[in-house]
Amino acid sequence: MTAEVVTGLRELAWTDIPGLVALEGEAFPDDAWAEASWWGELAGRPRRDYVVVHREGELAAYAGLDHGGQVADLMTITVAPRHRGTGLGVQLLDELESRATTAGAEALMLEVRADNAPARALYDRRGYDVLTVRRAYYQPGNVDALVMRKMLAQNGIES
Ligand SMILES: CC(C)(COP(=O)(O)OP(=O)(O)OC[C@H]1O[C@@H](n2cnc3c(N)ncnc32)[C@H](O)[C@@H]1OP(=O)(O)O)[C@@H](O)C(=O)NCCC(=O)NCCS
């Protein structure tokens with residue numbers, strides 16, 4: 001699988017952390033990752049594998065993986081509100097699938113809130129299937145978590 005080159009994409013660097021913390025708080029007001037978590041993710045490389053996208057002089061998106069062998073996990077994928085709906089989410093997901101495939105993973109897994117319609121539409125459109133439902137996983141609010149999986153064509157059986 002070869003992902004299209006994403007304009008402005010590069011590897012996560014420690015200098016991105018303040019921008020990540022700000023965008024994370026905007027995108028996930030209830031459970032944003034704090035600065036210490038980002039330092040931990042950086043320290044977890046190369047198993048942890050994050051990219052950022054800069055557009056028009058600002059952090060426009062970030063996404064990352066945990067390379068766990070046969071199965072890779074999508075840790076996060078976030079596009080800044082004013083850059084949403086322009087195809088960046090799809091491009092980043094393609095990039096992560098390409099990286100997981102290159103690392104030898106047979107499948108990519110993720111977890112999404114059942115009430116997150118834009119993310120669910122993105123994953124549905126890109127061929128992810130619901131494997132299990134974790135009832136009332138997200139608190140407060142009793143929101144279910146959907147565990148989704150996509151088999152990666154080159155290494156596994158494509159779904
Ligand atoms: C989910 C998210 C990453 C999508 O990024 P994006 O760059 O806006 O998505 P794209 O422009 O690439 O759109 C890809 C597909 O996602 C779906 N989608 C995107 N925004 C949507 C919306 N507001 N409503 C419904 N579907 C939407 C569509 O299926 C779309 O395909 P289409 O344009 O052919 O219909 C973005 O909304 C986001 O950052 N949300 C907040 C963080 C988050 O929830 N991340 C996921 C955690 S599991």
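This briefing walks through the strands, helices and a few notable residues of the structure above. The model is a predicted one. At its heart for this tour is an open sheet of seven strands with mixed pairing, and helices α2 and α4 are among the elements to look for, since α2 packs on the sheet and α4 packs on the sheet too.

**The sheet**

- Following the sheet across, you meet its strands in the order β1-β2-β3-β4-β5-β7-β6.
- The two edges are β1, covering 9-11, and β6, covering 129-138, and each of them pairs on one side only.
- On average, neighbouring strands in this sheet are turned by 25 degrees against each other, with direction ignored.
- As background, strands of a sheet pair through backbone hydrogen bonds, in either a parallel or an antiparallel way.

**Strand β7 and its two partners**

- Strand β5 (residues 107-113) and strand β7 (residues 143-151) run antiparallel and are joined by seven bridges.
- To find this pairing on screen, look for V112, which stands opposite L146 in β7.
- Strand β7 also runs antiparallel to β6, and six bridges join these two.
- Here a helpful landmark is R134, which has A145 of β7 opposite.
- β6 and β7 form a hairpin, with four residues between the two strands.
- Within the turn of that hairpin, G141 has a positive phi of about 115 degrees.

**Helices that pack on the sheet**

- Helix α2 (residues 35-43) packs on the sheet and touches three strands: β2 (48-55), β3 (58-67) and β4 (71-79).
- The direction of α2 makes about 115 degrees with that of β2.
- Helix α4 (residues 117-125) packs on the sheet as well, where it touches β4, β5 and β7.
- Between the direction of α4 and that of β5 the angle is about 155 degrees.

**Helices that pack on each other**

- Helix α1 (residues 17-27) packs with α2 at an angle of about 125 degrees, and their axes are 9 Å apart.
- Because of that angle, α1 counts as oblique to α2.
- The crossing of α1 and α2 is right-handed.
- From α1, the residues making the contact are I17, L20, V21 and E24, and from α2 they are E35, W38, W39 and L42.
- Sorted by class, this contact of α1 with α2 has six nonpolar residues, two charged ones and no polar ones.
- A second pair to look at is α3 and α4, whose axes come within 11 Å and cross at roughly 50 degrees.
- That crossing angle is why α3 is oblique to α4.
- The crossing of α3 and α4 is right-handed.
- G89, V90 and L93 of α3 meet L122, Y123 and R125 of α4 in this contact.
- The contact of α3 with α4 is made up of four nonpolar residues, one polar residue and one charged residue.

**Salt bridges**

- The count of salt bridges comes to 14.
- One of them is between the side chains of R99 and E11, at 2.7 Å from N to O.
- This pair links distant parts of the chain, with R99 in helix α3 (residues 88-102), E11 in strand β1, and their positions 88 residues apart in sequence.

**A closer look at R55**

- You will find R55 in strand β2.
- Apart from neighbours within four places in sequence, R55 is in contact with V6, T7, A60, H83, L88 and Q91.
- R55 and D66 are 11 residues apart in sequence, while in space they are 25 Å apart, C-alpha to C-alpha.

**Backbone features worth a visit**

- As a guide to this group, most residues other than glycine have a negative phi, and most peptide bonds are trans.
- R45 and P46 are joined by a cis peptide bond, with omega at about 5 degrees.
- To locate P46, go to the loop between α2 and β2.
- Q139 and P140 are also joined by a cis peptide bond, and omega there is about -5 degrees.
- P140 lies in the loop between β6 and β7.
- E56 is not a glycine, yet E56 has a positive phi of about 50 degrees.
- Look for E56 in the loop between β2 and β3.

Conventions: Residues numbered from 1 in each chain as written. Predicted model: local features only at pLDDT ≥ 70, side-chain atom pairs only at ≥ 80, totals over all residues. Heavy atoms only, no water. Pairing = 2+ DSSP bridges. Axes fitted to C-alpha atoms, helices over the stretch in contact; angles between N-to-C directions. Contact = heavy atoms within 4.5 Å. Parallel < 35°, antiparallel > 145°, perpendicular 65-115°, else oblique. Left-handed = near helix turned anticlockwise from the far one by under 90°. Nonpolar A, V, L, I, M, F, W, Y, C, P; charged D, E, K, R; others polar. Salt bridge = Lys/Arg side-chain N within 4 Å of Asp/Glu carboxyl O.
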